[in-house]
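Me: Please give me a close look at a single part of this model, namely how its chain is laid out as strands and loops. I would also like to know how the rings are placed.

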Amino acid sequence: MGKQDNERKVIAESEQEWQLDGESILKAAILPDPPTPDSKATIRVTHSNVYGPFDEADIYVRLGDPKKPTEHDDLDSAPDWIKTRLVEELVFVDDEEMLRSEATEPFEDETPWDGTFDAELLIPPGKQRIEIKVLSRRPHALTSIVLTDWVIDV
């Protein structure tokens, strides 16, 4: 038996949401919210896809310049990207949510998927810009991009 819903890490609702190519959606949250100044906070990102697991993308986070966001196609100039780590994968098989590790693969039909990823950032006080970079190894299905419109006041 898997975890109960209230223990899931998936971000179901968030003000930070981006629609990407190939029916992918990213949702993000910061834990704790609000973060404590000069302390580490967890940046949690859930990548959802209605067709099935999307293993061919890596997600990175960083604190960007609050006054000058990184260009959406600038994947290489900043050296301080932190790669997120996968903390949970959920799939929906026969209208039942389960951990991917408990499901039988390969999936025959479209299998909605949520992959949740975490990374820690040290958050200084003041206005901060959290940037998320998605690097796709399947560019025909998902474009690599930098998302820069998440601004917080700590």
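**Rings, strands and loops**

Reply: The count of aromatic pairs comes to 0, under a rule in which rings of Phe, Tyr and Trp (its six-membered ring) pair if their centres lie within 6.5 Å, with planes under 30 degrees apart called stacked, over 60 edge-to-face and the rest tilted. The model is a predicted one, in which local features need pLDDT of at least 70 and side-chain atom pairs count only at pLDDT 80 or more, while totals for chains, interfaces and linings use all residues. Residues are numbered from 1 along each chain as its sequence is written, and side-chain values use heavy atoms, leaving out hydrogens and water.

Two rings do have a charge placed over them, in the sense that NZ of Lys or CZ of Arg is within 6 Å of the ring centre and within 35 degrees of the ring normal. The ring of Trp-81 has the charged end of Arg-62 over it, 5.4 Å from the ring centre, and the ring of Tyr-60 has that of Lys-133, at 4.9 Å from its centre.

To place Arg-62 and Tyr-60 in the chain, begin with strand β4, which covers residues 57-64 (strands are DSSP runs of E, at least two residues, and helices runs of H or I, at least four, numbered from the N terminus). Strand β4 is joined by 8 bridges to strand β9, residues 127-136, and the two run antiparallel; one of these contacts links Gly-64 to its bridge partner in β9, Arg-129. Both strands belong to an open sheet of 4 strands in the order β5-β4-β9-β10, with antiparallel pairing, where two strands pair if DSSP finds at least two bridges between them. The edges are held by β5 (82-83) and β10 (145-153), and because each has a single partner strand, one side of each is left without a neighbour in the sheet.

A further open sheet has 6 strands in the order β1-β2-β3-β8-β6-β7, again paired in the antiparallel sense. Its edge strands are β1 (16-19) and β7 (96-99), each pairing on one side only.

Along this order, follow the chain from β1. In the loop between β1 and β2 lies Glu-23, whose phi is near 65°, a positive value in a residue other than glycine. Most residues other than glycine have a negative phi, and most peptide bonds are trans. Strand β2, residues 24-31, then pairs with strand β3, residues 39-49, in the antiparallel sense over 8 bridges, and Leu-31 has Thr-42 as its bridge partner in β3. The next peptide bond, from Leu-31 to Pro-32, is cis, with omega near 0°, and Pro-32 sits in the loop between β2 and β3.

At the other end of the order, strand β6, residues 85-93, pairs with β7 in the antiparallel sense over 4 bridges, and the bridge partner of Val-93 in β7 is Glu-96. These two strands form a hairpin with 2 residues between them, and in that turn Asp-94 has a positive phi of about 50°. Beyond β7 the chain reaches the loop between β7 and β8 (113-123), where Pro-106 is found; a cis peptide bond joins Glu-105 to Pro-106, with omega about 0°.
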